[in-house]
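Dear colleague,

I am passing on to you the structure we spoke about, with the sequence alongside. Below it I have set out what was found, beginning with the packing of helices.

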Amino acid sequence: MKFGRFLTGLGVLIVVGVAGAFVYAWKPEIAPIKPPERASFDQALIEHGAKLAAVGNCTACHTNPGGKSFAGGLTIPTPFGTIHSSNITPDAETGIGTWSEAAFQRAMRDGVGRKGEHLYPAFPYDHFTNVSDDDNRALYAFLMTRQPVKATPPPNELPFPLNVRLVLAGWKMLFFRDGAYQPDASQSEEWNRGAYLVDGLGHCGACHTPRNTLGAEKASLHLAGGEAEGWSAFALDGSSPAPVVWDEEGLYTYLRQGWHPDHGVANGPMSEVTGNLGLLPDSDIRAMATYIASIVGEPSAERRAKSEQLLQEIKSGPITSAIGNDQSALGGKGAAIYQAACAACHENGRPQPFGGLDLRLSSTVHAPDAQNAINMVLYGLPAASGRTSAIMPGFADVLTNDQLNDLLGYLRQHFTDQAPWGDVVQRAADTRTGKYHVSVRPSDGIERGPSNIGAEDQ
Ligand code: HEC
Ligand code: HEC
Ligand code: HEC
């Protein structure tokens, strides 16, 4: 982000913040309550709340790796500074134990804490505002029956004036539209269900929609591609980089099982998303696929033809058949690395998800920037502990940034019709020094794949 633009943005925010302070005013405190007894909540409601919490990924953002669930304190890096998530266990002192259901409903709908303070939109209430009162009631029942944990998150590290919560009133005035989901009568019930989940609790746009200088999602570029945790979250609209066009069936399979034969495995933060969606019934996954497919839209005749031709070519075998020792025919340093380090997994015909994808199908290799390809080659896919997962070794200790540049240059030229990426060496160097805070995760959701994956493929 250009620093000048950021400063101008801040100036605007301060002015609007002051105006917003009048319009939005400071919200009143909601009186504390005595933490409710577990028995006061219906078991079925608690169980429903557990599923909703998975879709909303509450656990991941409110739990420090290795720490107690929902006790908060996770460090969330933003372009503006560092924010820590709150303790949302029912501890009376440090958590939300004294929050009434009304206070919880207000936090989800309006992004306001129990005492009336505005909350940072790192808590995705710009999406959670859509959530129905009933679903919030279930979430509340679930959270209030978790183990209370005494823990106070470290203070946020934000520059003035962003450390003043009143400024958020201005941000909200500019960018935040509160209100429960309003169904679109011109669409099917399934589509509306999908929109409710995708744009609400699922907060897919928090990663997949680009943001402006003040960190708000650009409404006009809904799901047009964003970023998260050092990864590019690919476009899910007509500008999707996927070589095989995403359709409803493809999206359903990918979201249901965390991979698709023509698209590969969900990587980085997306693996957590597909893992979480595992608790949802098929009908909800189907609804999300219906909605996203309508955002992808009908491809042009040319795009569809290309996609179908590619699938035909894939059926007839890998693009370079010989995984031999003869480098001379391919030429180039990148080709040599690919043949030695990658082809054995990515061209051996072993099916997804345990075999490497034929890279002609890879969104990662076709994407507008090299970030995910760099992340994959440096860090690979670590093995999940105690469950089946797709595994790829990381090459961070094996390849220099120049070698990575040669390799990715070759992948781009050999497997795509896209222009070369220009900035691989610098991006790789910045990735290694932690500039983008890349999260490295095992794949997730794969254990829900079809039961016909033979034992020999595990
Ligand atoms: C992307 C990360 C993220 C996700 C996902 C997330 N939260 Fe949070 N949440 C935060 C952060 C960060 C804060 C602190 C905001 C602040 O300090 O202003 C927060 C604050 C809250 C608060 C206010 C607590 C307080 O003491 O002020 C509640 C309640 C809450 N979250 C509930 C939830 C629930 C329920 C879910 C799942 C449906 C959820 N959050 C998902 C990041 C997240
Ligand atoms: C925490 C950030 C995050 C959230 C939330 C998120 N995604 Fe993703 N998503 C990503 C990233 C990063 C990728 C690229 C992963 C990869 O390289 O495999 C991705 C990839 C995808 C892909 C594959 C795109 C392609 O062409 O390969 C689909 C489809 C998708 N996401 C759908 C969704 C849906 C639907 C939701 C909401 C339920 C969602 N995502 C929520 C980060 C996120
Ligand atoms: C031990 C086997 C193995 C090796 C060696 C290996 N990979 Fe992978 N790779 C996988 C598996 C398994 C996946 C996950 C399935 C998938 O999405 O392709 C994967 C995923 C990928 C992806 C993401 C594809 C997508 O769009 O989802 C890329 C890119 C990739 N590998 C590139 C490479 C490169 C480049 C090398 C060599 C430096 C390499 N791999 C070496 C097994 C391997």
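In this predicted model, helix α2 (residues 43-55) packs against helix α6 (residues 133-144) with the two axes 7 Å apart and at an angle of about 100 degrees. Because angles of 65 to 115 degrees count as roughly perpendicular, α2 is described as roughly perpendicular to α6. On the α2 side the contact is made by Leu 45, Ile 46, His 48, Gly 49, Ala 50, Leu 52 and Ala 53, and on the α6 side by Asp 135, Arg 137, Ala 138, Leu 139, Ala 141 and Phe 142. Sorted by class, the residues in this contact of α2 with α6 are nine nonpolar, two polar and two charged.

Helix α18 takes part in two further packings that you may wish to view together. With helix α14 (residues 333-341), α18 packs at an angle of about 90 degrees, the axes being 7 Å apart, and these two helices are therefore roughly perpendicular to each other. The residues that meet are Lys 333, Gly 334, Ala 335, Ile 337 and Tyr 338 from α14, and Gln 403, Asp 406, Leu 407, Tyr 410, Leu 411 and Phe 415 from α18. This contact of α14 with α18 is made up of seven nonpolar, two polar and two charged residues.

With helix α17 (residues 371-379), the axis of α18 (residues 401-415) comes within 11 Å, and the two axes cross at roughly 120 degrees; α17 and α18 are therefore oblique to each other. The crossing of α17 and α18 is right-handed. Here the contact involves Ala 373, Ile 374, Val 377 and Leu 378 of α17, together with Leu 404, Leu 407 and Leu 408 of α18. In terms of class, the contact of α17 with α18 holds seven nonpolar residues, with no polar and no charged ones. Leu 407 is thus listed both in the contact with α14 and in the contact with α17.

Turning to the metal, which protein atom serves as donor to the iron atom of ligand 1? The single donor from the protein is NE2 of His 62, which is 2.0 Å away from the iron. His 62 itself is placed in the loop between α3 (58-61) and β1 (75-78).

As to charged pairs, a search of the whole structure finds 19 salt bridges. In one of them, the side chains of Glu 229 and Arg 441 meet with an N to O distance of 3.0 Å. Glu 229 belongs to the loop between β3 (226-228) and β4 (231-233), while Arg 441 belongs to the segment after α19 (424-432), so this pair ties together parts that are 212 residues apart in sequence.

Some points of backbone geometry, in loops, remain to be mentioned. The peptide bond from Phe 160 to Pro 161 is cis, with omega near 5 degrees, and Pro 161 lies in the loop between α6 and α7 (167-175). Gln 352 and Pro 353 are likewise joined by a cis peptide bond, for which omega is about 5 degrees; Pro 353 sits in the loop between α15 (343-346) and α16 (363-366). Finally, His 203 has a positive phi of about 35 degrees although it is not a glycine, and His 203 is located in the loop between α8 (189-199) and α9 (205-208).

With best regards

Key
Residues numbered from 1 in each chain as written. Chains lettered and ligands numbered in written order. Predicted model: local features only at pLDDT ≥ 70, side-chain atom pairs only at ≥ 80, totals over all residues. Heavy atoms only, no water. Axes fitted to C-alpha atoms, helices over the stretch in contact; angles between N-to-C directions. Helix = DSSP H or I, 4+ residues; strand = E, 2+ residues; numbered from the N terminus. Parallel < 35°, antiparallel > 145°, perpendicular 65-115°, else oblique. Left-handed = near helix turned anticlockwise from the far one by under 90°. Contact = heavy atoms within 4.5 Å. Nonpolar A, V, L, I, M, F, W, Y, C, P; charged D, E, K, R; others polar. Donors = N, O, S within 2.8 Å, 3.2 Å for Na, K, Ca; no water. Salt bridge = Lys/Arg side-chain N within 4 Å of Asp/Glu carboxyl O.
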